[in-house]
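Reader: I would like a close look at a single part of this model, with its surroundings described step by step. Please take me through it carefully.

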Amino acid sequence: MPALPAQMTVIAIRAPGGPDMLVPEQRPLPQPAEGEVLVKVAAAGVNRPDVMQRQGLYPPPKGAPEIPGLEIAGEVEALGAGVKRWKLGDKIMALVVGGGYAEYCLAHEGHCLAVPPGLNLVEAAAIPETFFTVWHNTFERGRLKAGETLLVHGGSSGIGTAAIQLAKAFGARVITTAGSAEKCDACRKLGADLAVNYKAEDFVAATKTGTGGRGADVVLDMVGGDYIERNYEAAAVDGRIVQIAFQGSPKSTVDFRRLMLKRLTHTGSTLRARSVPDKAAIARGVQEQVLPLIAAGKVRPVIDSTFPLAQASAAHARMESSTHIGKIVLVV
């Protein structure tokens with residue numbers, strides 16, 4: 001293999017603020033520590049936490065790079081001590097703790113997955129953060145089973161498009177919310193049984209009608225705020241509400257009697273700050289349960305658009321416009 005360069009281009013956050021704060025800079029190449037691989041990045045997924053980090057609302061965990069980017073795909077270029085799972089030249093996709101918006105990025109060997117055949121590296125880069133989140137929260141925490149109904153908010157987002165497809169692949173019914181007729185159409189094309197335009201319709205009433213009065217067994221929510229109480233209303237008896245983000249307020253005034261009367265479970269999680277073994281366990285679940293569906297073509301990451309690495313600011317502007325359907329990916 002050719003010698004590695006001493007420097008690489010990264011996208012730095014000049015100061016907290018708008019998309020124009022993302023600027024290309026030269027930085028030294030990172031060195032893999034024990035159990036890590038250095039990946040030559042071909043593509044990097046863009047996610048809401050990146051936007052929040054750029055705005056100064058989501059500082060990276062202690063020890064994480066301050067360069068944004070939580071998921072990458074590319075080739076293994078160097079191995080840290082003790083790495084057994086990968087060899088130089090392997091094509092992998094990885095969940096990373098930061099640093100994805102760069103020409104090279106470090107990943108823990110247990111957080112990498114082989115790129116399934118038939119998937120290009122742009123699609124592969126759209127998988128780790130999104131599918132790890134959906135798998136862990138909908139299936140491991142939410143315990144969604146065949147024959148149950150999932151209500152997923154933001155159905156046209158990267159998370160939403162993955163959740164619709166995975167839930168359908170596992171035999172669940174899917175109700176989703178989205179903000180326009182076009183987005184609702186996109187959700188139905190992906191397999192949603194019912195898509196509710198939340199700007200024109202009440203999702204609680206629509207969920208009740210769509211389930212013959214039962215409600216949703218699992219609710220995957222990234223909105224928070226007044227959705228929390230409405231999720232309790234929309235949930236079935238013994239329903240599970242799983243919180244993965246707060247695009248609205250993280251605070252809410254809720255009548256908790258419904259939690260008792262319906263025997264609801266309200267849980268939630270974040271991914272980035274989890275321990276190395278925790279993430280490795282989620283990665284194993286994705287490898288065993290999700291990758292075969294992707295390899296078989298039953299589930300596919302939905303790519304909205306791609307931008308060159310140097311145009312990360314334009315990618316963020318697109319995400320903040322909320323017109324995208326599926327994932328936005330940076331191409332190196």
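Which residue in β13 is the bridge partner of Val-242?

Author: In this predicted model, the bridge partner of Val-242 is Thr-267 in β13. That pair belongs to the pairing between β12 and strand β13, residues 265–268, where 4 bridges join two strands that run parallel. Strand β12 itself covers residues 235–243 and is mostly covered, since 7 of its 9 residues are buried.

β12 also pairs with strand β11, residues 216–221, and here 5 bridges join the two strands, which again run parallel. Within this pairing, Ala-235 of β12 is the bridge partner of Ala-216. Between β11 and β12 the chain passes through helix α7, residues 227–234, and the β-α-β crossover made in this way is right-handed. Helix α7 lies across β8, β11, β12 and β13, and its direction runs at about 150 degrees to that of β12. With angles over 145 degrees counted as roughly antiparallel, α7 is therefore roughly antiparallel to β12.

Turning to the sheet as a whole, 6 strands form an open sheet in the order β10-β9-β8-β11-β12-β13, and the pairing is parallel. The edge strands are β10, residues 194–197, and β13, each of which pairs on one side only. From one strand to the next, the twist averages 15 degrees. Strands of a sheet pair through backbone hydrogen bonds, either parallel or antiparallel.

At the β10 edge, strand β9, residues 173–178, is joined to β10 by 4 bridges, and these strands run parallel; Ile-175 stands opposite Leu-194 in β10. Helix α6, residues 203–210, packs on the sheet and touches β8 (149–152), β9, β10, β11 and β12, while its direction makes about 160 degrees with that of β10. Both α6 and α7 thus have β12 among the strands they meet, α6 by touching it and α7 by lying across it.

Apart from the sheet, a pair of helices can be described as well. The axes of helix α3, residues 128–141, and helix α4, residues 158–169, come within 9 Å and cross at roughly 55 degrees, which makes α3 oblique to α4. The crossing in which α3 passes α4 is right-handed. On the α3 side the contact is made by Thr-130, Phe-131, Thr-133, Val-134 and Phe-139, and on the α4 side by Gly-158, Ile-159, Ala-162, Ala-163, Leu-166 and Ala-167.

Notes: Residues numbered from 1 in each chain as written. Predicted model: local features only at pLDDT ≥ 70, side-chain atom pairs only at ≥ 80, totals over all residues. Heavy atoms only, no water. Buried < 20%, exposed > 50% of the residue type's maximum accessible area, 1.4 Å probe, protein only. Pairing = 2+ DSSP bridges. Right-handed = clockwise from strand over helix to strand, strands pointing away. Axes fitted to C-alpha atoms, helices over the stretch in contact; angles between N-to-C directions. Contact = heavy atoms within 4.5 Å. Parallel < 35°, antiparallel > 145°, perpendicular 65-115°, else oblique. Left-handed = near helix turned anticlockwise from the far one by under 90°.
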